[in-house]
Amino acid sequence: MSLDVYLTGPEYDEQCTCNCGHVHTKKSSEQLYSSNITHNLGKMAGEAGIYDCLWRPDENGITKASQLIKPLSDGIELLESDPVKFSKFNAENGWGTYKHFVPFVRGYLTACKNYPDADVNVSR
C-alpha cells in the first residue's frame, strides 16, 4: 500500500466530441506533479512532524501547495539533522527507508514551491 500525492491545476471545462456527433463538456484539471511512497514510512513522517500534512492534508485544512511549504521545509530540516535517529524507523522488510523518504519529501517540497497555487490531493 502506498500514499499517492498529487498537485493539480485549476479545473477547466474540456469539450470533447463523441462518436454520436454531440459536443460534451466535462470538468478537467492538469496534473502538475505526482509521487508515491509506502505507508511503512508513516512513523518516520510522524517523528518528523509531517505525517498529518502528507497523509491527511484534507483533514488539516490543507488545500493548496503553498500551505505545505513551511511544514515540509521544517520536516526535511529535521530529517536531515539526525539521519541516525530517523533511520531507526526504517521498515524491517526494506520497503520504506530513510534514504527513500528524504528524496520523496524534497521532491514534493520542490513541486509545492514550483506550483504554490496548485490543489493538493492524496490517495491513501
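Read from the N terminus, the chain is built in the order β-β-β-β-α-α-α-α-α-β. In this predicted model, the secondary structure thus listed amounts to five helices and five strands. Of the 124 residues in the chain, 34% are buried. The chain exposes about 7,400 Å², and carbon and sulfur atoms account for 48% of that area. Sequence separation of the contacts was examined as well: among those joining residues at least 6 apart in sequence, 68% link residues at least 24 apart.

A helix and a single strand residue are worth a short visit. Helix α5 spans residues 98-114, 17 residues in total. From its first C-alpha to its last, α5 reaches 24 Å, close to the 24 Å expected at 1.5 Å a residue. The buried residues of α5 include the aromatic side chains of Y98, F101, F104 and Y108. V102, V105, L109, A111 and C112 of α5 are buried too.

Turning to the strands, T38 belongs to β4, which covers residues 31-38. T38 counts as buried because its relative accessibility is 18%, and the cut-off for a buried residue is under 20%. Leaving aside residues up to four places away in sequence, T38 touches M1, S2, W55, W95 and G96. The side chain of T38 also offers a polar atom that lies 3.1 Å from the backbone nitrogen of N40. T38 thereby combines a buried position with contacts to M1 and S2, and to W55, W95 and G96.

Key. Residues numbered from 1 in each chain as written. Predicted model: local features only at pLDDT ≥ 70, side-chain atom pairs only at ≥ 80, totals over all residues. Heavy atoms only, no water. Helix = DSSP H or I, 4+ residues; strand = E, 2+ residues; numbered from the N terminus. Buried < 20%, exposed > 50% of the residue type's maximum accessible area, 1.4 Å probe, protein only. Contact = heavy atoms within 4.5 Å. Areas by Shrake-Rupley, 256 points an atom, 1.4 Å probe, with all protein chains shown as cover. Polar contact = N/O pair within 3.5 Å; in protein donor to acceptor, adjacent residues only side chain to side chain. Expected span 1.5 Å × (residues − 1).
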